[in-house]
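Me: Could you take me through this structure step by step? I should like to begin with the ligand.

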Amino acid sequence: MKRIAVYPGTFDPISQGHVDVVLRGLRLVDRIVIGVAENTAKAPMFDLATRLEMVRRVFADQPRVEAVAFTGLLVELAQDCGACAILRGLRAASDFEYEFQMATMNRRLSPELETVFVMAREDYTFVSSRFIREIARMGGDVSSLVPPAVLPFLPNQG
Ligand code: PNS
């Protein structure tokens, strides 16, 4: 039986840190479904279709990775995909509180679904989509922070 994990996020935009988490996850499971959340509460810079398109381009040559958009509960997406786990990345201790709350709530909603954390590579611990958006908007170079396929989507690059 194939092991599937769901990797959810806003991906506004997808960063090298996110890619690193997916590559680490692929060592643990057979397939990863990247769930791009609508997340209107965060007022994303990119609309859902564009965020999904960016993720799909990044993993276009990775047959074990699929990307889907979702607007409902993460646990429902996981169930629909037949996933046994939720994959999340941890950068620093400051991520823990939020991740702990989310993992605990998701376990309450779906007790058989395990949240698995992987630690991002050291040189990506400071990378966040928020900083990438801010730096790009202000004309800074973010080429080392996002996958090459994402760069054309960002303002003031190249
Ligand atoms: O990249 P982010 O913004 O940290 O990801 C947050 C995300 C998408 C994982 C979270 O907002 C989420 O799971 N949204 C889907 C709705 C849901 O299931 N909410 C209950 C979470 S306990």
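Reply: The ligand comes before the core and the surface in what follows. This is a predicted model, in which local features need pLDDT of at least 70, side-chain atom pairs count only at pLDDT 80 or more, and totals for chains, interfaces and linings use all residues. Residues are numbered from 1 along each chain as its sequence is written, and side-chain values use heavy atoms, with hydrogens and water left out.

Me: How many residues surround the ligand?
Reply: There are 15, and the closest are Thr10, Lys42, Leu74, Arg88 and Tyr98. A residue counts here if one of its heavy atoms lies within 4 Å of the ligand.

Me: Which ligand atom is 2.6 Å from the side chain of Thr10?
Reply: An oxygen atom of the ligand lies 2.6 Å from an N or O atom in that side chain. For the side chain of Arg88, the distance from a ligand oxygen to an N or O atom is 3.0 Å.

Me: Now the core. Which residues touch the most other members?
Reply: Ile14, Ile34 and Phe59 do, in the largest nonpolar core, which has 33 residues. Such a core is a set of buried (under 20% relative accessible area, 1.4 Å probe, protein chains only) Ala, Val, Leu, Ile, Met, Phe, Trp, Tyr and Cys residues joined through side-chain atoms within 4.5 Å.

Me: Which element gives the largest share of this core?
Reply: That is α2, with five residues.

Me: And where is Leu109?
Reply: Leu109 is in helix α4, residues 93-109 (a helix is a DSSP run of H or I with at least four residues, numbered from the N terminus). Leu109 is partly exposed, as its relative accessible area is 45%, between the limits of 20% and 50%.

Note on methods:
Helices (H or I, at least four residues) and strands (E, at least two) are DSSP runs, numbered from the N terminus. A polar contact is a pair of N or O atoms within 3.5 Å; within protein, one must be able to donate a hydrogen and the other to accept it, and residues adjacent in sequence count only if both atoms are side-chain atoms.
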